[in-house]
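Subject: Structure handover

Dear colleague,

Please find the structure below, as agreed. My notes come after it.

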Amino acid sequence: MKAKGPDSKEPNTIAPALPSWKAFVIQLSHDTTPESGIFAGRVEHLTSGRRQRFASGKELLSMLMRLLRDLDAPSKDQ
């Protein structure tokens, strides 16, 4: 988001570097350890409450990207 110039009647607005609507909690399973080679758990989007389980780092990243794409879609239509 761009800041408005001095002649603008709108106040200056700066988008936060870490917006709260992009906040997630990642909970790892008990079996996830460097030694086991297991990387599994659950990811939850804090604002919407949407959550999904993952069984690998690749699945986690895929889910995060899909959730972000889904959450960002409505704002592009406005």
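What follows is a short account of the fold, the sheet and one residue in the middle strand.

Please keep in mind that this is a predicted model.

Overall make-up. The protein has one helix and three strands, and from the N terminus on the order of elements is β-β-β-α. Of its 78 residues, 14% are buried. The accessible surface is about 6400 Å², and carbon and sulfur atoms account for 56% of that. Among contacts with a separation of 6 or more, 17% are between residues 24 or more positions apart.

The sheet. The three strands form an open sheet in the order 1-2-3, with antiparallel pairing. Strand 1 and strand 3 are at the edges and have a single partner strand each, so one side of each lacks a neighbour in the sheet. From one strand to the next, the twist averages 20°.

Strand 1 covers residues 24-28 and is joined to strand 2 by five bridges. In this pair, Leu 28 is opposite Gly 41 of strand 2. On the other side, four bridges connect strand 2 with strand 3, which covers residues 51-54. Here Gly 41 is opposite Phe 54, and Arg 42 has Arg 53 as its bridge partner. Gly 41 thus appears in both pairings, facing Leu 28 in one and Phe 54 in the other. Strands 2 and 3 make a hairpin with five residues between them. Gly 49, in the turn, has a positive phi of about 80°.

Strand 2. The side chains of this strand alternate between two faces. Gly 41, Val 43 and His 45 point to one face and are buried, whereas Arg 42 and Glu 44 point to the other and are not buried.

His 45. This residue belongs to strand 2, which spans residues 41-45. Why does His 45 count as buried? Its relative accessible area is 2%, and the cut-off for buried is under 20%. Which residues does His 45 touch, leaving aside those up to four places away in sequence? They are Trp 21, Lys 22, Ala 23, Phe 24, Arg 50 and Leu 71. One of these, Phe 24, lies in strand 1, whose residues are 24-28.

If you open the model, strand 2 is a convenient place to start, as it pairs with strand 1 and with strand 3.

Best regards

Note on methods. Residues numbered from 1 in each chain as written. Predicted model: local features only at pLDDT ≥ 70, side-chain atom pairs only at ≥ 80, totals over all residues. Heavy atoms only, no water. Buried < 20%, exposed > 50% of the residue type's maximum accessible area, 1.4 Å probe, protein only. Contact = heavy atoms within 4.5 Å. Areas by Shrake-Rupley, 256 points an atom, 1.4 Å probe, with all protein chains shown as cover. Pairing = 2+ DSSP bridges. Axes fitted to C-alpha atoms, helices over the stretch in contact; angles between N-to-C directions.
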